[in-house]
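Visitor: I have a model on the screen and some terms to test. Could you take me through the reasoning behind them?

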Amino acid sequence: QVQLVESGGGLVQAGDSLRLSCAASGGTFSTWTMGWFRQAPGKEREFVAVIKLSYGSTTYADPVKGRFTISRDLAKNMVYLQMNILKPEDTAVYYCAASPFYGVRPTLMHYWGKGTLVTVSS
């Protein structure tokens with residue numbers, strides 16, 4: 001059974017940094033796409049970043065481009081999201097997701113973690 005578990009969320013001030021981690025288990029992910037999505041209160045879940053695990057190629061949503069970095073460690077079955085220069089509008093529950101196919105829409109993801117809360121105060 002595929003399982004994704006996020007960690008690293010917390011309460012920070014604007015301008016601070018956080019690193020989120022996603023531990024994947026129960027499957028062979030080396031050829032998959034994995035990514036991060038977020039959902040703020042009262043809003044729909046939105047794409048943040050994805051990475052193709054085999055090659056490390058990345059795609060970012062415009063609001064986080066230049067501030068966030070997604071990476072992976074295949075030996076550890078881990079995916080990370082380094083978040084720098086955090087803004088209050090980054091406040092959301094951040095979810096790790098995985099799919100055998102490339103995509104940036106939440107509906108294209110096959111598996112999801114439970115989420116980790118990131119709160120950025122002004």
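**Terms put to the test**

Guide: Gladly. Keep in mind that this model is predicted.

Visitor: What makes S3 and S8 a pair of strands?

Guide: Strand S3 covers residues 18–25 and strand S8 covers residues 78–83. Six bridges join them. Pairing takes at least two bridges, so S3 and S8 count as paired, and they run antiparallel. Within this pair, Ala23 stands opposite Met78 in S8.

Visitor: Which sheet holds them, and why are S1 and S7 called edge strands?

Guide: The sheet is open, has four strands in the order S1-S3-S8-S7, and is paired antiparallel. Strand S1 (3–7) and strand S7 (68–73) each pair on one side only. On average, neighbouring strands here are turned by 15° against each other, direction ignored.

Visitor: Why is Ser99 called buried?

Guide: Ser99 has a relative accessible area of 0%. The cut-off for buried is under 20%, so Ser99 qualifies. Ser99 belongs to strand S9 (residues 92–99).

Visitor: Which residues does Ser99 touch, leaving out those up to four places away in sequence?

Guide: Ser99 touches Trp32, Thr33, Leu108, Met109 and His110.

Visitor: How do you know that Ser99 has a polar partner in Phe101?

Guide: A polar atom of the Ser99 side chain lies 3.1 Å from the backbone oxygen of Phe101. The limit is within 3.5 Å, so this pair meets the distance test.

Visitor: What makes up the largest nonpolar core?

Guide: That core has 36 residues. Met34, Trp36, Leu81, Met83 and Tyr94 have the most contacts inside it. Strands supplying at least two residues each include S3, S8 and S9.

Technical notes. Residues numbered from 1 in each chain as written. Predicted model: local features only at pLDDT ≥ 70, side-chain atom pairs only at ≥ 80, totals over all residues. Heavy atoms only, no water. Axes fitted to C-alpha atoms, helices over the stretch in contact; angles between N-to-C directions. Buried < 20%, exposed > 50% of the residue type's maximum accessible area, 1.4 Å probe, protein only. Polar contact = N/O pair within 3.5 Å; in protein donor to acceptor, adjacent residues only side chain to side chain. Contact = heavy atoms within 4.5 Å. Core = buried A, V, L, I, M, F, W, Y, C linked by side-chain atoms within 4.5 Å.
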